[in-house]
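Hi there,

Here is the structure I promised to pass on to you. Have a look at it first, and my notes follow underneath.

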Amino acid sequence: MKNYYLAIDIGASSGRHIVGWLEDGKLKTEEVYRFANGTESKGGHLIWNSERLFKEVVEGLKMAHIKGYTPKYIGIDTWAVDYALLDKDDKLIGGVYAYRDSRTERSSQAVHRIISFNELYQKTGIQFQPFNTIYQLYADKLSGKLEKAESMLMLPDYLGFLLTGIKKQEYTNATSTGLVNAETHNWDWDIIELLGLNRKLFGEIAQPKTVVGELKNDIADAAGYSATVILPATHDTASAVLAAPVDEESPYISSGPLMLELLRRSSMISK
């Protein structure tokens, strides 16, 4: 019996579900579901409709079964830097802000008054981008949004939590926050303390291939099968690099919506 694997790849403009399996030693794939994505305006801010995204994830699970596949394992990747904040009852606090929102223009300056970019770069190895999670979280602190927050999950980890009820913090997406130490590969608690962010927000970091858990009963019933959710490299660029047929010495060029947004904000391309 073949083992089927379901990859859920969500980008800033669309998402897709792809079933993969090995046949005669070769990887075979079939796209079974695709949906549109995009930011929405709410209260003067740009957000992602996380409720709709999750519904699309579940619809794709159903479609895999309709098309004759019963995936054994499921993995989700998305873009980087964006996240969900949960309260003590694991309910979403407000919306999931989109990296294109302008709220970090003030908070990034405030962060650098506390810790310089040079020091941040030395600790984390992450280049300055005004939408990095570190600046988004500090904007949440300034607005009071963090007051009731008990945990933070990057967007693909949040979707995995909705599927399983289990929280995991995946490494490659965590590194995009600007809060992971490049040497220890763990949260940089010195930066977190300097910014006055609550340590409880940051769960134990898990590496790709870590098992998250089984689909919740209601999700499995809706999909028509039970499956195990695992962590891929949940940052889509990391997954792409891992899958690329290159050796360790090969150069590669990565471009995508986050880079385009950086260029836009730098006035290198028109809005």
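In which sense do β12 and strand β13 pair, and over how many bridges? β12 and β13 (residues 228-230) pair in the antiparallel sense, over three bridges. In that pairing, E214 stands opposite T228 in β13.

Before the rest, some ground rules. This is a predicted model, in which local features need pLDDT of at least 70 and side-chain atom pairs count only at pLDDT 80 or more, while totals for chains, interfaces and linings use all residues. Residues are numbered from 1 along each chain as its sequence is written, and side-chain values use heavy atoms, with hydrogens and water left out. Helices (H or I, at least four residues) and strands (E, at least two) are DSSP runs numbered from the N terminus, and two strands pair if DSSP finds at least two bridges between them.

**The six-stranded sheet**

β12 and β13 belong to an open sheet of six strands with mixed pairing, in the order β3-β2-β1-β6-β13-β12. β3 (26-36) and β12 (211-214) are the edge strands, each with a single partner, so one side of each has no neighbour in the sheet. From one strand to the next, the twist averages 25°. (Axes are lines fitted to C-alpha atoms, for helices over the stretch in contact, and angles run from 0 to 180 degrees between N-to-C directions.)

Helix α1 lies across β1, β2 (14-23), β3 and β6, and runs at about 135° to β3. Contact here means heavy atoms within 4.5 Å.

**The three-stranded sheet**

A second group to look at is an open sheet of three strands, antiparallel, in the order β4-β5-β8. β4 (39-42) and β8 (96-97) stand at its edges with a single partner strand each, so one side of each is left without a neighbour in the sheet. Four bridges pair β4 with β5 (residues 45-48) in the antiparallel sense; E40 stands opposite I47, and K42 stands opposite H45. These two strands form a hairpin with two residues between them, and G43 in the turn has a positive phi of about 60°. On the other side, β5 and β8 run antiparallel and are joined by two bridges, with V96 in β8 as the bridge partner of W48.

**Helix packing**

α1 (residues 50-66) also packs against α5 (residues 155-164), at an angle of about 60° and with the axes 11 Å apart. That makes α1 oblique to α5 (under 35 degrees counts as roughly parallel, over 145 as roughly antiparallel, 65 to 115 as roughly perpendicular and the rest as oblique). S50, L53, F54, V57 and L61 of α1 make the contact with L155, Y158, L159, L162 and L163 of α5. By class, the contact of α1 with α5 has nine nonpolar residues, one polar and no charged ones. The classes are: Ala, Val, Leu, Ile, Met, Phe, Trp, Tyr, Cys and Pro nonpolar; Asp, Glu, Lys and Arg charged; the others, Gly among them, polar.

The axes of α2 (residues 104-114) and α4 (residues 133-143) come within 8 Å and cross at roughly 100°, which makes α2 roughly perpendicular to α4. The residues of this contact divide into eight nonpolar, five polar and one charged.

**Aromatic pairs**

Rings of Phe, Tyr and Trp (its six-membered ring) pair if their centres lie within 6.5 Å; planes under 30 degrees apart count as stacked, over 60 as edge-to-face and the rest as tilted. By this rule the count comes to 13 aromatic pairs. One of them is Y5 with Y73, stacked at 5.8 Å centre to centre with 10° between the planes. Y5 lies in β1 (residues 4-10) and Y73 in β6 (residues 71-77), so the pair ties together parts that are 68 residues apart in sequence.

Best wishes
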